[in-house]
Amino acid sequence: MASSKAYLEFILEQLSGLEEITHRAMMGEYVLYYRGRIFGGIYDDRFLVKPTKSAGAMMPDADMEIPYEGAKEMILVDDVDNRDFLRKLVESMYEDLPEPKKK
């Protein structure tokens with residue numbers, strides 16, 4: 001099942017307090033970037049983030065889910081209604097994320 005544009009727009013609105021949030025459509029899903037680094041995505045209308053050290057510390061009891069067949073597990077973000085939490089989560093993850101590969 002592909003993710004809905006409405007769910008993407010909801011998550012982007014929740015993250016609107018952060019500058020430099022961008023997204024890219026990919027096979028019916030959406031990859032999310034913060035300041036040029038991939039931090040998560042929207043998969044089957046679920047907001048999933050990379051399992052970084054800081055994300056794990058902020059959500060120690062979160063479920064791990066596979067975004068699509070053959071992919072590595074990611075952390076399911078349940079508290080999508082809490083803008084402040086989402087902002088802090090993404091900001092805290094930034095230093096743990098790899099820099100984009102040079103083309």
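Q: Why is Asp84 called partly exposed?
A: In this predicted model, the relative accessibility of Asp84 is 38%. The partly exposed class lies between under 20%, which is buried, and over 50%, which is exposed. Asp84 therefore counts as partly exposed.

Q: How do you know that Arg87 and Asp84 form a salt bridge?
A: The side chains of Arg87 and Asp84 meet with N and O 2.7 Å apart. A salt bridge requires this separation to be within 4 Å, so the pair qualifies. Arg87 and Asp84 both belong to helix H3 and lie 3 residues apart, about one turn of the helix.

Q: Which class of exposure does Arg87 fall into?
A: Arg87 has a relative accessibility of 27%, so it counts as partly exposed. Salt bridges with shared partners join Arg87 and Asp84 with Lys88 and Glu91 into one network.

Q: What makes Glu99 and Arg37 a salt bridge?
A: The closest N and O atoms of Glu99 and Arg37 are 3.8 Å apart. Because the limit is 4 Å, this pair counts as a salt bridge. The pair links distant parts of the chain: Arg37 is in strand S3 and Glu99 in the segment after H3, 62 residues apart.

Q: How do you know whether Arg37 is buried or exposed?
A: The relative accessibility of Arg37 is 10%. Buried means under 20%, so Arg37 is buried.

Q: How do you know whether Glu99 is buried or exposed?
A: Glu99 has a relative accessible area of 58%. Exposed means over 50%, so Glu99 is exposed.

Q: What does Arg37 touch, not counting residues up to four places away in sequence?
A: Arg37 touches Leu32, Tyr94, Glu95, Leu97, Pro98, Glu99 and Pro100. In addition, a polar atom of the Arg37 side chain lies 3.2 Å from the backbone oxygen of Leu97.

Q: What makes Arg46 and Glu65 a salt bridge?
A: The closest N and O atoms of Arg46 and Glu65 are 2.5 Å apart. This value is within 4 Å, so the pair is a salt bridge. The two residues come from distant parts of the chain, Arg46 from strand S4 and Glu65 from strand S5, 19 residues apart. The structure holds 7 salt bridges.

Q: Why is Arg46 called buried?
A: At 18% relative accessibility, Arg46 is under the 20% limit and is therefore buried.

Q: Why is Glu65 called partly exposed?
A: At 21% relative accessibility, Glu65 is not under 20% and not over 50%, so it counts as partly exposed.

Q: How do you know that Glu29 has no salt bridge?
A: The nearest side chain of opposite charge is that of Arg46, which is 6.9 Å away. A salt bridge needs a distance within 4 Å, so Glu29 has none, although it is buried.

Q: With which side chain does the side chain of Glu29 make a polar contact?
A: The side chain of Glu29, a residue of strand S2, makes a polar contact with that of Ser3 at 2.5 Å. The Glu29 side chain also reaches the backbone nitrogen of Asp44 at 3.0 Å.

Q: Where does Asp44 lie in relation to S3 and S4?
A: Asp44 is in the turn of the hairpin formed by S3 and S4, which have 2 residues between them. Asp44 has a positive phi of about 50 degrees.

Q: How do you know that S3 and S4 pair?
A: S3 and S4 run antiparallel and are joined by 4 bridges. Pairing requires at least two bridges, so these strands pair. One of the bridge partnerships joins Gly41 to Leu48 in S4.

Q: How do you know that S4 and S6 pair?
A: S4 and strand S6 have 2 bridges in the antiparallel sense. The requirement is at least two, so the strands pair. Val49 stands opposite Ile75 in S6.

Q: What makes S1 and S5 edge strands?
A: The open sheet has 6 strands in the order S1-S2-S3-S4-S6-S5, with antiparallel pairing. Strands S1 and S5 are its edge strands, as each pairs on one side only.

Q: Which strands does helix H1 lie across?
A: Helix H1 lies across S1, S2, S3 and S4, and runs at about 15 degrees to S2. Helix H3 also lies across S1, S2, S3 and S4, running at about 30 degrees to S4.

Key. Residues are numbered from 1 along each chain as its sequence is written. This is a predicted model: local features need pLDDT of at least 70, side-chain atom pairs count only at pLDDT 80 or more; totals for chains, interfaces and linings use all residues. Side-chain values use heavy atoms; hydrogens and water are left out. A polar contact is a pair of N or O atoms within 3.5 Å; within protein, one must be able to donate a hydrogen and the other to accept it, and residues adjacent in sequence count only if both atoms are side-chain atoms. Contact means heavy atoms within 4.5 Å. Axes are lines fitted to C-alpha atoms, for helices over the stretch in contact, and angles run from 0 to 180 degrees between N-to-C directions. Buried means under 20% relative accessible area, exposed over 50%, partly exposed in between (1.4 Å probe, protein chains only). Lys and Arg count as positive and Asp and Glu as negative; His and the chain ends are not counted.
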